[in-house]
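Me: Please take a close look at one part of this protein. Begin with the whole, then stay with that part and what packs around it.

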Amino acid sequence: MAGGGGGGGGLSPLGPAPPMWYHRDLSRAAAEELLARAGRDGSFLVRDSESVNGAYALCVLFQKHVHTYRILPDEEGFLAVQTSQGVQPKRFKTLPELVSLYLQPSQGLVTTLLYAVDREETAILDDRDYSDGEDEKPPLPPRSASTSITPSSDTPADSVPTANGLSTISHEYLKGSYALDLEAVKQGACSLPHLNKTLVASCKRLNGEVDKVLSGLEILSKVFDQQSAFMVSKMIQQSVNQGGDQELENLVTKLAILKDLLSSIEKKALKALQDMSLSTLCSSPPLSMRNSKSIPVQPFEVKLDVYLAELTKIGKSQKYTLSVDVEGGRLVVMKKVKDSQEDWTTFTHDKIRQLIKSQRVQNKLGIVFEKEKDKSQRKDFIFASAKKREAFCQLLQLMKNKHSNQDEPDMISVFIGTWNMGSVPAPKSVASWVLCRGLGKTLDEMTVTIPHDLYAFGTQENSVCDREWVESLRAMLKEQTELDYKPIALQTLWNIKLAVLVKPEHENRISHVGMSSVKTGIANTLGNKGAVGVSFMFNGTSFGFVNCHLTSGNEKIARRNQNYLDILRLLSLGDKQLSSFDISLRFTHLFWLGDLNYRLDMDIQEILNYINRKEFDPLLKVDQLNLEREKNKVFLRFAEEEISFPPTYRYERGSRDTYVWQKQKATGMRTNVPSWCDRILWKSYPETHIVCNSYGCTDDIVTSDHSPVFGTFEVGVTSQFVSKKGLPKSSEQAYIEFESIEAIVKTASRTKFFIEFYSTCLEEFKKSYENDSQSSDNVNFLRVGWSNKQLTTLKPLLSEIEYLQDQHLLLTVKSLDGYESYGECVLALKSMIGSTAQQFHTYLSHRGEETGNIRGSMRVRVPSERMGTRERLYEWISVDKDETGVPKGKSTTSSRVGHEYVKLVHILHILVTSHILHNMPKQDSSDVDQSVSKNSYNNPAYYILEGVPNQSAAAMSSELLPSANSTTPQAMKGPPPIAVARTKPPCAPAGPSHPRRPMTGHTVRAISEESSSEDDGGVCVGGAQVGAPMGSTLNRPPPDFPPPPLPKGAMEMAVETPFLKPRSLHPDLAEVKIPVVGPGAPLTLGESFRRGGGAVGGGGIGSGALDDQSCSVLQMAKTLSETEFPGQPPRAPSAPPPLRGQAMGLGLDSCRTFPPRNAITESIAEDLPEEALWGSSSSSLSVGDSSVGEWLQRLGLERYEQGLLHNGWDDLEFLSDITEEDLEEAGVLDPSHKCILLESLRQQQKL
């Protein structure tokens, strides 16, 4: 059947053939786009309903708005348009009959159906997937096209039922022999010989299988119960001797014996083993302890990072050895003193309070030790490399976890592997894959052998038998870790396999295992391409894994995108209650891996040249997957670790030295450029902990034309929370209360909406009332709002803060006319906990596409008696925020001013884009440019929730933004000073402009899916307070969440003629100079912005002459509102590419970490020798007259800056004690250069 609906009496509801106006599973958004292109009132189409299986949706265009009517089948299979209560519906057998009625006028619809919008038929040839020779002939599927293996008997698996011959034999009986038996009964017969013959024939195979099973069980019974074994043998012999007409009774007898044996054998075996255990005392440790591989003590050579003040007391800089004893739970700090003696101090695991990573110096780590009672001391160490620092942190985390008094883990390690095996069995050893050895970001040798908690192996073109493959993986893990890993599940679609294994100690923590598969091969019916998925709960955390093999071919980008969207929509995994959400929102952590087959759009010779030079950045800029993600076409808000390994496809088999990029085919020579086909991406809920510790490929597994890819992750997990205080009383009940919600959805519909709330902390999902405010300034977008009275108060199952801070709330915005979702999102409760309302602001998505924006104000109230919480293991490591982006030797006295500068940039952004939204020109369908209406989704106005009235005068002093003439080094390195009360204190930079990846510690998410505001203070600029409370704190724009940036191309278009273009930190906005309307003119915003809590008043902005090369915010807004914007502009060649998954645009940190955590500062309460020994943590905040880089630049030796910083020589005062040996270690090998540096330092000391 072509459609999703069902019909009565065997008749298809679509009639003999599906009509052209029926679009099957077309999405709601795509249907609206087709109708918008049609542009005529009365245009219509029918699609499958997204909310009810078997139902349809009739979509009609009238006066630029799309009206949707649900067509529901009744119990008899008749179809009817859903009507108001009390109105008798008209019923039809088929959809064409129903539509033919509404083609006539005055039938109750908003307009008569006039113009059918036909579906676009694509030729089947377009789906063929042989373009690059990868599948010249699609491999035949195994016996079962989709198989599943799971240890859980109560977990249903997607499998294909196998025929046993009964259906054919039974059909023959009913067709012929049935009449003979009926005639015999009429003549008085008491038996049915023909039926008996049919049953005997049907069960012929079953007889043989039962005999085999009985023989095996008979042997077990002889071992464990010799007395009953003789009786069993006798009964089996008697049943065998019965034959002839009694063959069916013989089978029934054997089945009865089998039932008795199965029910009793385990009890007999248990009793026998218990008797044996009593006779021999077991002195060996438990099996799990015997099999666990002990971790040896690991030493790390480091240098103590000290200040000049300490150097004068302790002499030369000292080298230390940090030895981590994971099994013993202690850290030994040892240093060499005079005459080769050693001085060492031991700290147990509970005395190590915190690890603090320096974000600026990648190999620097601060360790906070507990000294006595409430006193602590921090010591900063310089490691040999950043990889060594990460290894040290991993070992200490493992030590803390191993000796923790918690019953359940806070964090686990996950290995993800993907490999296209090329239809060839794996070599004898694939240890490098499992141990993450090879190219790219790899683990340190000290940590590669530490077993991970979970292993997920995704393979494509894997011709190995399922059970053989799983056993080979278990044997490989046993060889490397000495642990017997337990398979959670194996899901197979043809030769696409996904196997997930878990440490034996975690086996009982796994529940709710689910499996599914989706075919995306030719016409979506062949399984040579597609995806398999596995999902489960690890205690209280949900995990999803998807392994896919997408369409091949350089030019098949659109087809691959569609493969992804089909998998996202059709893969049936996770909680069935979350059917309104695609799988990207159903799991706390979702990992997507496989042969995605995206290629590089560049000439083959250029690609090879870049690979030979190991320059991957230019290639990553033309990577099809990266480009499609930047356009929000696929993997919306997913993250991927930085790629630092060569393309993994298409190698010559047997070697990793040569790429085979040409293949002779019947149609001519085919080119397959080297590409990163094999990828690992992930998406996690906001305010959860996940860090990628490695991402690379092997270089020694050569049986396939693809190299295996690996990735390892540190993932925060939650336990199944058990309240120590029992269920809350009414006075102790926590609740979730919304003060208001406002959303912009991309739709041409003007129906009413409601919100559904889902969470594991709720007993059942809850619904709001319909929205009580609605407006639209653009036909393609609708703003809807709910006040407090329309929003229900939610009551969690448990009221403890420790439980609630791990919970998330899923929201879906649904229409009243079709109960279909127009957008979904997820919110973290952690940052919403408190007595006052907090802001949230995030995006809406549906079926993998961004469909809107939502913000609001809410609070999670927790009773004071249930406020107790504890530190999680992953909160034990933090990033030193005092150092973030602030070079040593620079002033950091004005961080608040820097924060104000960031807020000013955000407010300017809001002013510009909100004016665009309010002044969006009204479009008439007769003169709408089709390309403009299609791409209006990308207009920057779409991202702003509040408008600015036409009469608003936006004025701001040009001093607030960088000067067009500013070319000084200071202006290049950080934001310019802000004019505040006639002073210009220097500003701290707002952070790295485009960090390639977040550091471990408190998670700095690659994607900020939401944000909240806890800062109630306004920003004071020239006497005008921006963001101060105005009557109410509701709907305050979150100061820590910048609105999405304007496209860079748009800003350049707006300022191309009237502005100079200096280089600056913020290329999007730095060139813009805002003129002053008049002396003391306040920056006024409209009433709608005041409702959002933002206000500007109480003073004027500084005066100044109008610059001829500047323009007003309103002029900018007008220019931008008339411009169509691409989804994402290409990055400038000189700009460092951001972490994939991170929003591009302003060089501002658009995500926030909760809870904010300051590094524990050192207690100055030690005596002189102790202080001299350990030094002080304040060295990380030293302020000098000049930086190391500037000093080297004056000497003409700036080439050595990187080496000195890498070895910890990052302060001029610190450098005063450097030796020739230290200079050589930092890479200064030229004797004349060493003399110049040392002489310069001596001269500086004399001054």
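Reply: **Helix 1 and its sheet**

The protein has 29 helices and 40 strands. Helices here are DSSP runs of H or I with at least four residues, strands are E runs of at least two, and both are numbered from the N terminus. The model is predicted, so local features need pLDDT of at least 70 and side-chain atom pairs pLDDT 80 or more, while totals for chains, interfaces and linings use all residues. Residues are numbered from 1 along each chain as its sequence is written, and side-chain values use heavy atoms, with hydrogens and water left out.

Of the 1247 residues, 54% count as buried. Buried means under 20% relative accessible area, exposed over 50%, and partly exposed in between, with a 1.4 Å probe and protein chains only. Among contacts (heavy atoms within 4.5 Å) with a separation of 6 or more, 71% join residues 24 or more positions apart.

Now the sheet. Its 5 strands are ordered 4-3-2-1-5. It is open, and the pairing is mixed. Two strands pair if DSSP finds at least two bridges between them. Strand 4 (79-81) and strand 5 (115-116) form the edges. Each has a single partner strand, so one side of each is left without a neighbour in the sheet. Strand 3 and strand 4 run antiparallel, joined by 3 bridges. One residue pair shows the register: L72 has A80 in strand 4 as its bridge partner.

Helix 1 packs on this sheet. It touches strand 1, strand 2 and strand 3, and its direction makes about 165° with that of strand 1. Axes are lines fitted to C-alpha atoms, for helices over the stretch in contact, and angles run from 0 to 180 degrees between N-to-C directions. Helix 2 (residues 95-102) lies across strand 1, strand 2, strand 3 and strand 4. It runs at about 30° to strand 4.

Which residues of helix 1 (residues 28-38) are buried? They are R28, A29, A31, E32, L34 and L35. Charged R28 and E32 are thus listed beside the alanines and leucines. Their cover includes strand 1 (43-48), strand 2 (56-62) and strand 3 (65-73). Strand 28 (735-746) and strand 34 (821-828) also contribute. After helix 1 comes G39, with a positive phi near 75°.
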